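I opened this model to look up its domains, its ligand shells and a few of its helices. My entries follow in the order I made them.

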Amino acid sequence: MDPLALLDIPSLLSDEERDIRTTVERYLTEHVRPHVAEWFEAGALPREIARELGGLGVLGMHLEGYGCAGTSATAYGLACLELEAVDSGIRSFVSVQGSLSMFSIRRYGSEAQRQEWLPRLAAGEAVGCFGLTEPDFGSNPAGMRTRAVRRGGDWVLDGTKTWITNGSWADVATVWANTDEGVRGFLVPRGTPGFTTRDITGKLSMRASVTSELVLDGVRLPDSARLPEARSLGAPLSCLNEARFGIVFGAVGAALDAYRAAADYAGTRVQFDKPIAGFQLTQRKLASMALAVGTGALLALHLARLKDAGRLKPEQISAGKLNNVESAIAVAREARTILGANGISLAYSPLRHANNLESVLTYEGTSEIHALALGHALTGIPAYR
Ligand code: TGC
Ligand code: FAD
């Protein structure tokens, strides 16, 4: 039995939410899942995936207008669950495109910037990225060195961003920089003189995903490239809330897929003359994994209902990301043990998910940062520095 069915979780969804989940799941099963292990092994994602996912309607699906579907946060979360059940790299592409690049433009951009970029980004005709992390400032973006200086009516940007998902694919990069007036965001189109990207290779995690360094060397931009509504570090941090919310669901998808692989295997693998699913120790593993998946899904759904009601707070997103990612990586590792030697093969998903989840544990705020955010909310005392 499916761990979600065990707790009757599908009955908590509306017909529309169930339909969206099924549509995304069916499309991915047919068009993406058959290829994903090969992409992971090659360390490459085909660029056409952008248009395919645009056609499926998942890019910026929870945003209103400008070619976006305007679905509920719950429906968006369920799509993230199905995307990450295939591979965290596919969900990462969608998170960065919709929740970081498109959200930053939708929330902080001018009308002209929205008109120029959002319809193309929603269709997957253009790709976006979001550059906040720097080589010396990851968890502490307040210290960023990238600087934007006014030169007449223009801005000149210098600095380096690193570990940027979709970086070398991006037609437009949302880049965060310090100015004399505080942190500001800029839209840097591909091909702008002085703007170059370089892919990060040799990754042991998130291999079906493009990760790049962005170098800004005297990049000159007009003031119309600045996101006019972004006036402090709070702007990029608010974008992170959107992507972190998707991860709360995505982690459940990765854990669910790892559970399914282990449960299927346990039902057919015979040792000591019976299926290994018949051993009490295996059943204990399956029970613990199913509980982790089910409780993670309930937490995600609860947070989604709060978000749809306009009541979701950042510390609640931290609770969801911390709990669901740590629990998903434990599930994926436990699932791998049930597969024995086959568990280390790319033919089975659990170890691929566990390796991917190492990145998810770190990006969008490490577990330690989310634990500190909870500590802050619980005690009223910030302990980040
Ligand atoms: P602090 O003084 O607390 O805050 C500065 C201003 O920001 C506001 N703020 C938030 N606003 C909305 N949502 C949040 N979650 C917010 N957190 C803080 C805050 O109210 C304040 O506003 P104002 O108006 O008073 O100025 O800032 P701090 O420097 O003490 O840092 C706090 C801390 C550590 C929580 C923050 O720096 C943080 O979250 N660090 C983690 C960095 C991080 O998550 N980076 C992610 C980069 S993007 C990425 O990883 C994409 S991977 C995507 C993929 O492939 O799927
Ligand atoms: P550090 O901040 O150096 O942390 C190292 C360790 O120290 C961690 O365990 C951390 O929790 C701990 N630590 C730090 N501060 C504290 C503290 N105050 N108390 C206790 N422990 C602490 N960034 C983007 O901007 N855009 C992207 O698209 C993007 N995509 C990414 C894709 C991948 C695959 C990966 C792996 C990363 C991506 N990142 C992206 C970067 C990511 O957000 C950062 O890696 C993350 O914020 C952590 O920063 P860091 O790696 O510099 O680690």
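**Domains**

I started with the domain assignment, keeping in mind that this is a predicted model. The chain is assigned domain 1 (3-123), domain 2 (128-225) and domain 3 (234-379). I then checked how domain 1 sits against domain 2. Their C-alpha centres are 24 Å apart. The contact takes in 23 residues of domain 1 and 18 residues of domain 2.

Which elements of domain 1 supply at least two residues each to the side that touches domain 2? I found α3 (33-42), α6 and α7 (111-123). Helix α6 has the largest share of that side, with 12 residues. I sorted the domain 1 side by class and got 13 nonpolar, eight polar and two charged residues.

**α5 against α6**

Since α6 had come up, I looked at its packing with α5 (residues 73-86). The two axes come within 5 Å and cross at roughly 140°. Roughly antiparallel would need an angle over 145 degrees. I therefore wrote down α5 and α6 as oblique to each other.

I listed the residues in the contact next. From α5 they are Cys80, Leu83, Glu84 and Val86. From α6 they are Ser88, Ile90, Arg91 and Val94. By class, this contact holds five nonpolar, one polar and two charged residues.

**Ligand 1**

I moved on to the shell around ligand 1, which has 26 residues. Ser92, Ala142, Thr165, Gly234 and Gly365 come nearest to the ligand. Three elements give two or more residues to this shell: α6 (88-108), α8 (234-268) and α12 (367-379). Which of the elements gives the most? I noted α8, with six residues. The class count for the shell around ligand 1 is 14 nonpolar, 11 polar and one charged.

**Ligand 2**

I repeated the lookup for ligand 2 and found 19 residues surrounding it. The closest are Thr133, Gly138, Ser139, Thr366 and Glu368. Elements supplying at least two residues each are β3 (128-131), β5 (154-165), α11 (350-362) and α12. Strand β5 has the largest share, three residues. I counted the classes here too: nine nonpolar, nine polar and one charged.

Where does ligand 2 lie relative to the domains? Domain 2 and domain 3 both give residues to its shell, so I placed ligand 2 between them.

**α9**

My last check was the length of α9 (residues 280-308). Why do I say its span agrees with expectation? At 1.5 Å a residue, its 29 residues should span 42 Å, and the end C-alpha atoms are 42 Å apart, so the two values agree. The expected value uses 1.5 Å times one less than the number of residues. Just after α9, I noted Gly310 with a positive phi of about 75°.

How values were computed:
Residues are numbered from 1 along each chain as its sequence is written. Chains are lettered from A and ligands numbered from 1 in the order in which they are written. This is a predicted model: local features need pLDDT of at least 70, side-chain atom pairs count only at pLDDT 80 or more; totals for chains, interfaces and linings use all residues. A residue is near a molecule or strand if its C-beta atom, placed from the backbone, lies within 6 Å of it. Helices (H or I, at least four residues) and strands (E, at least two) are DSSP runs, numbered from the N terminus. Ala, Val, Leu, Ile, Met, Phe, Trp, Tyr, Cys and Pro count as nonpolar, Asp, Glu, Lys and Arg as charged, and the others, Gly among them, as polar. Domain bounds come from an automatic or database domain assignment. Two residues are in contact if their C-beta atoms, placed from the backbone, lie within 7 Å. Axes are lines fitted to C-alpha atoms, for helices over the stretch in contact, and angles run from 0 to 180 degrees between N-to-C directions. Angles under 35 degrees count as roughly parallel, over 145 as roughly antiparallel, 65 to 115 as roughly perpendicular and the rest as oblique.
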